[in-house]
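Ready for a few exercises? Take a look at the model below, then work through the tasks one by one.

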Amino acid sequence: MLAPMKCPHCNVGIYESLQRGTPYALPKGVQWTPYFQVCPECKQDIVYLECFSTSTQTIEYIVERFIAYPSNPTLRQLPPEVPDPYRQDFVEAVAVLPLSPKASAALSRRNLQALIHDLAGVKGPNLDSEIQTIIDSGKVPSYVTEGLHAVRQLGNFAAHPIKSLTTGDVVPVEAGEAEWNLNVLESMFDFYFVQPAITAKRKAEMNKKLQDAGKPLLK
Ligand SMILES: [Zn+2]
């Protein structure tokens, strides 16, 4: 039986199917062994390492199996409904956050703008005005619009107009800005992907019941 696990890259639930690689024995009596797997969802490599003593009769772990790649596994849970390329950009923005909040915030701004273009259908001269259009439209819940408004404010778009004009440019960030952008992306993912999927599933279940009862279906 394959053990269920979560891909450390994309956080999708997958099954463990690790392949044992060639062990490497060191003269001092320990052996390192790599294990490999490719995520069936995001196609990225997952690598584990373990080390045990070769000088004892029974297996004595020096280091129990630990994840070697990715070096900083996804810490934020992303629901499976979120598709690429938004998912991939989010995962990358989370991955680079500890190393470069600047790069993370830039990836997130670009991702926010892609969602605004593709899902909200809003396209303006810059991110600042696009956010304003969304806020004014009244079509998006307040938890999203308040988050978007704060992206402009925390990012100090007035002082850094480049963040609004070419959203993916890597420019200095304010404290907490990169994390904030990720939070806003999560709430947009929920609004555009997760909640509609839940509604569609419930509707399908209800329609099955209605069909069985010979009643008119929901449209
Ligand atoms: Zn994956």
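**Exercise 1: the overall layout**

How far apart do the C-alpha centres of domain 1 and domain 2 lie?

Step 1. Start with what you're looking at: this is a predicted model, where local features need pLDDT of at least 70, side-chain atom pairs count only at pLDDT 80 or more, and totals for chains, interfaces and linings use all residues. Residues are numbered from 1 along each chain as its sequence is written, and side-chain values use heavy atoms, with hydrogens and water left out.

Step 2. Find the bounds: domain 1 covers 1-74 and domain 2 covers 75-211. These bounds come from an automatic or database domain assignment.

Step 3. Now the answer: the two C-alpha centres are 34 Å apart.

**Exercise 2: the zinc site**

Work out which residues hold the zinc ion and how their donor atoms are arranged around the ion.

Step 1. List the protein donors: the SG atoms of Cys 7, Cys 10, Cys 39 and Cys 42, lying 2.3 Å from the zinc ion. A donor here is an N, O or S atom within 2.8 Å of the metal (3.2 Å for Na, K and Ca); water is not among the atoms, so sites may look incomplete.

Step 2. Check the angles. The four donor atoms subtend 103 to 114° around the zinc ion, so the arrangement is tetrahedral (four donors count as such if all angles lie between 85 and 135 degrees).

Step 3. Read the spacing along the sequence: C-x2-C-x28-C-x2-C. Cys 7 sits in the loop between strand 1 (4-6) and strand 2 (13-15), while Cys 42 is in the loop between strand 5 (30-38) and strand 6 (45-53), so this pair, 35 residues apart, links distant parts of the chain. Helices (H or I, at least four residues) and strands (E, at least two) are DSSP runs, numbered from the N terminus.

Step 4. Check burial, using these cut-offs: buried is under 20% relative accessible area, exposed is over 50%, and partly exposed is in between (1.4 Å probe, protein chains only). Cys 7 is buried at 0%, and Cys 42 counts as buried at 19%.

Step 5. Look at Lys 43, in the loop between strand 5 and strand 6. Lys 43 isn't a glycine, yet has a positive phi of about 65°, and counts as exposed at 58% relative accessibility.

**Exercise 3: the nonpolar cores**

Find out which helices supply the largest nonpolar core.

Step 1. Know the term: a nonpolar core is a set of buried Ala, Val, Leu, Ile, Met, Phe, Trp, Tyr and Cys residues joined through side-chain atoms within 4.5 Å.

Step 2. Size up the largest core: 29 residues, with Ile 116, Leu 148, Met 188 and Phe 189 having the most contacts inside it.

Step 3. Name the suppliers: helix 1 (86-96), helix 2 (101-118), helix 3 (127-137), helix 4 (142-154) and helix 6 (177-212) each give at least two residues. Helix 6 gives the largest share, eight residues.

Step 4. Don't miss the second, separate core: it has eleven residues, including Ile 14, Cys 39, Ile 46 and Tyr 48.

Step 5. Zoom in on Ile 116. Leaving out residues up to four places away in sequence, its contacts (heavy atoms within 4.5 Å) include Val 122, Ile 131, Leu 148 and Met 188.

**Exercise 4: helix 1 and helix 2**

Decide what the buried residues of helix 1 and helix 2 pack against.

Step 1. For helix 1, the buried residues pack against helix 2 and helix 6. One of these buried residues is Asp 89, at 12% relative accessibility. Asp 89 touches Leu 107, Arg 110 and Asn 111, not counting residues up to four places away in sequence.

Step 2. For helix 2, the partners of the buried residues are helix 1, helix 3, helix 4, helix 5 (161-165) and helix 6. Among those buried residues are Leu 107, Asn 111 and Ile 116.

**Exercise 5: two cis bonds**

Spot where the peptide bonds before Pro 70 and Pro 85 are cis.

Step 1. The bond from Tyr 69 to Pro 70 is cis, with omega near 0°. The bond from Asp 84 to Pro 85 is cis too, with omega near 5°.

Step 2. Place them: Pro 70 is in the loop between strand 7 (60-69) and helix 1, and Pro 85 is in the loop between strand 7 and helix 1 as well.

How values were computed. Four donors count as tetrahedral if all angles lie between 85 and 135 degrees; four count as square planar and six as octahedral if opposite donors are over 155 degrees apart and all others between 65 and 115; anything else is irregular.
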